Amino acid sequence: MAQKLKTIGVLTSGGDAPGMNAAVRAVVRRGLSHGLQVKGILRGYDGLINDEVKDLGPKDVSDIIERGGTILYTARCPEMKTEEGVLRAVETCRRHGIEGLVVIGGDGSYRGAGKLANHGINVIGLPGTIDLDISCTEYTIGFDTAVNTAMQAIDKVRDTSSSHERCSIIEVMGRDAGYIALWCGIANGAEDILLPEKYDYDEQKIIDNILENRRYGKTHHIVVNAEGIGHSASMARRIEAATGIETRATILGHMQRGGSPTAKDRVYASTMGCMAVDLLLQGKTRRVVGYKDGEFVDYDIDEALAMTKGISEYQCEIAVDLSHNYLKPIA
Ligand code: ADP
Ligand code: F6P
């Protein structure tokens, strides 16, 4: 039988994401309601290495479910990739009696968690990233809010773009993953979408597409460009020169990572936070929680990290097809 757990910790790591607070709140309140002591580690692995640990009571997580960001702060911590950093992190856990740790972050954070598990700390990972780029799960905490934030911003740019009969290149977040770009492409009816997964895009094809759309009477042309492709300003200059149509670039940037989480992010993050505690109480370790085929599930960390997932080819194809509002000539 698993030894009874007394103290657990929780940290947020990597890029912040709306809903992380809901997950932290769930870990704290679920833990406390099962008689555990819960400690918050500040600034991700940085705080674990440098002993920034504080007790969390039920009131410490009041009024946070509706707040974006993370009350625990977050950081990227290169030291955690070294053996010395890992040993210092383990030492902090031992000093504070932290036997179980919930790590909220992405793939990189899971790798750090796996290394802590090798030293006997029970770890559970929760998928926290606006990018949706964790292979073992169809849902990540923050994606729903971020994609809705980007969608609303693009709607606004589209208004002014249509009034001025301009072309707009709108850059959304996603250095390596184009999920936000693809979803906005469909949700905003973009005429073109550029994804890091398909880096060899053809600029001449976009120019031809803009000119063809204009011939058929479209007053705007929205190109959703993922951060991983980038260069939106220079792309806008080249497109304007080639088409003679005024073209503007808008980079949405970090506003996509902030804001009050949607109901979905609050509910899923709360559910996953509770699941993490339940798994620890069952004596489990090296697990990550995910959402697959309509259910909350958990996987071994290494198994999860070995999984791959791609962007939907079908959705890429329909996204552009749906933005045409004219009849194509019969071939
Ligand atoms: P994410 O968790 O969103 O993928 P990062 O890749 O920035 O974000 O990783 C977050 C943190 O996780 C890093 O700053 C580092 O502290 C830790 N980390 C990432 N990769 C590793 C690794 N291979 N070994 C140990 N820790 C890692
Ligand atoms: O991983 C989330 C994310 O927002 C990516 O979409 C983006 O590429 C990156 O983080 C930006 O990181 P930073 O906060 O360091 O600018």
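Here are three short exercises on a predicted model with a bound ligand.

**Exercise 1. Describe the shell around ligand 1 by residue class and by helix.**

Step 1. Start with the residues that come nearest. Among the 14 around the ligand, these are Cys77, Gly106, Gly108, Ser109 and Lys115.

Step 2. Sort the shell by class. Three residues are nonpolar, six are polar and five are charged.

Step 3. Look for the main contributor. Helix α4, residues 107–117, gives the largest share of the shell, with six residues.

**Exercise 2. Find polar partners of ligand 1, then say where the ligand sits and how far the protein covers it.**

Step 1. Take the side chain of arginine 76. One of its N or O atoms is 3.1 Å from an oxygen atom of ligand 1.

Step 2. Turn to the backbone. A polar backbone atom of cysteine 77 is 2.6 Å from a ligand 1 oxygen. For glycine 108, a polar backbone atom is 3.0 Å from an oxygen of ligand 1.

Step 3. Check the cover. On its own, ligand 1 has 550 Å² of accessible area, and the protein covers 80% of it.

Step 4. Place the ligand. Ligand 1 sits in the largest pocket.

**Exercise 3. Is glutamate 313 buried or exposed?**

Step 1. Locate the residue. Glutamate 313 belongs to helix α11, residues 313–321.

Step 2. Read its relative accessible area, which is 51%.

Step 3. Apply the cut-off. Exposed means over 50%. Glutamate 313 is therefore exposed, at 51%.

Step 4. Add a distance. Alanine 23 is 290 residues from glutamate 313 in sequence, and their C-alpha atoms are 32 Å apart in space.

Note on methods. Residues are numbered from 1 along each chain as its sequence is written. Chains are lettered from A and ligands numbered from 1 in the order in which they are written. This is a predicted model: local features need pLDDT of at least 70, side-chain atom pairs count only at pLDDT 80 or more; totals for chains, interfaces and linings use all residues. Side-chain values use heavy atoms; hydrogens and water are left out. A residue is near a molecule or strand if one of its heavy atoms lies within 4 Å of it. A polar contact is a pair of N or O atoms within 3.5 Å; within protein, one must be able to donate a hydrogen and the other to accept it, and residues adjacent in sequence count only if both atoms are side-chain atoms. Accessible areas come from the Shrake-Rupley method with a 1.4 Å probe; for residues, only the protein chains shown count as cover. On a 1 Å grid over the protein atoms alone, a cavity is a set of points where a 1.4 Å probe fits but cannot get out, and a pocket is an open set with protein on both sides within 12 Å along at least five of seven lines; lining residues have an atom within 4 Å of a point. A molecule sits in a cavity or pocket if more than half of its atoms lie within 2 Å of its grid points. Helices (H or I, at least four residues) and strands (E, at least two) are DSSP runs, numbered from the N terminus. Ala, Val, Leu, Ile, Met, Phe, Trp, Tyr, Cys and Pro count as nonpolar, Asp, Glu, Lys and Arg as charged, and the others, Gly among them, as polar. Buried means under 20% relative accessible area, exposed over 50%, partly exposed in between (1.4 Å probe, protein chains only).
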